[in-house]
Amino acid sequence: MFCALGGESVLLEQRGGMAGGNAEFFVMSVDWEEAVVSFSLPGMSAVEIADAKRGGGSMAKTVEQSRVGRLRLTGLRPEADYELEARWEGGVRRLAFRTLPAPTAPLRISWAAAADTHISAKSENRKGRLFMESASIVRDLVEEWNDLGVAGVFVAGDVTNHGTREEFAMARRALVGLQAPLLAAPGDHDVHEDAGFWQEAFGPLSWVRRMGGFVAVGLDTSHHALGEEGRRRIEEALAVDAEAVLLVSHLQLIPDDYIRFGKQKAIADGEASRPLLDELSRRGAIVYAGHQNALSRTA
């Protein structure tokens, strides 16, 4: 299972005509042998990632100039600290992360998780959302998930951008080739006054499903709260004899201290639901959440 982490980014120097402060680099995901770095630049440039801690050798670079993109770093060592230099025509940024421990037991089950695809045909790109490219990106993800042979795919809301019938039709077409079960929970962009379009496309707003030795729960937090229905679903899952509970929720169930910008976007009734959330913690649970649009991990 891949673990998403947020990477720190520090500006080291700035050169040339592009404002280095407008460039963004993030460590998008890390496991025990690979990492993915994404970038967004104010202008076209080639990008190279170098290992600053181990001699400055090149680890990955773009084939051509671009403003946005991702670079995959392979052949990493487990449980190792990495310090990278992301170099482009406008300057250099420092990135740091630590790889996860290598698995020590046979793989028993694998699943994929995604959120905030914001599928739309809109031409403008707001908040970095690639609306016109969104369905194509999802189709690429479906191919990757099929190649990995995952047992299921969790989608933590905001599948669409405005929750229209047309956007849900685009989403279904993009996902039609998925070979694994799709387990999706709605976000605030998916459900407005009427939840009918969501139900036509993906079924119930909340659900409980078996997945191997685990039990998965979809929570409808599209209206910024867990509510009685959500608490009932969690209680239903806790009654199942399972190794752990896997929860899919658009909003965070607890505040995340890692996220330091903007507003905390956890459920409004978190304190009222705290005894149930504490019980989940004692029993063992993994929560996949979206909405904040910031990759992080918290416990």
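**Cavities and cores in a predicted model**

Val 215, Ala 237, Val 240, Ala 242, Glu 243, Ala 244, Val 245, Arg 283 and Gly 284 line the second largest cavity. A cavity here is a set of points, on a 1 Å grid over the protein atoms alone, where a 1.4 Å probe fits but cannot get out, and lining residues have an atom within 4 Å of a point. This is a predicted model, where local features need pLDDT of at least 70 and side-chain atom pairs count only at pLDDT 80 or more, while totals for chains, interfaces and linings use all residues. Residues are numbered from 1 along each chain as its sequence is written, and side-chain values use heavy atoms, with hydrogens and water left out.

The second largest cavity holds about 40 Å³ of space. Its lining has six nonpolar, one polar and two charged residues.

What lines the largest cavity? Ala 114, Thr 117, Ile 119, Val 138, Trp 145, Val 155, Val 159 and Leu 175 do. About 70 Å³ of space lies there, and no charged residue is in the lining.

Trp 145 comes up again in the largest nonpolar core, as one of the residues with the most contacts inside it, alongside Val 153, Trp 198 and Phe 202. That core has 25 residues; by core I mean buried Ala, Val, Leu, Ile, Met, Phe, Trp, Tyr and Cys residues joined through side-chain atoms within 4.5 Å, with buried meaning under 20% relative accessible area by a 1.4 Å probe, protein chains only. Apart from this core lies another, of 21 residues, including Trp 88 and Phe 97.

Methods. Buried means under 20% relative accessible area, exposed over 50%, partly exposed in between (1.4 Å probe, protein chains only). On a 1 Å grid over the protein atoms alone, a cavity is a set of points where a 1.4 Å probe fits but cannot get out, and a pocket is an open set with protein on both sides within 12 Å along at least five of seven lines; lining residues have an atom within 4 Å of a point. Grid points are joined across faces, edges and corners, and a volume is the space filled by probe spheres set on the points. Ala, Val, Leu, Ile, Met, Phe, Trp, Tyr, Cys and Pro count as nonpolar, Asp, Glu, Lys and Arg as charged, and the others, Gly among them, as polar.
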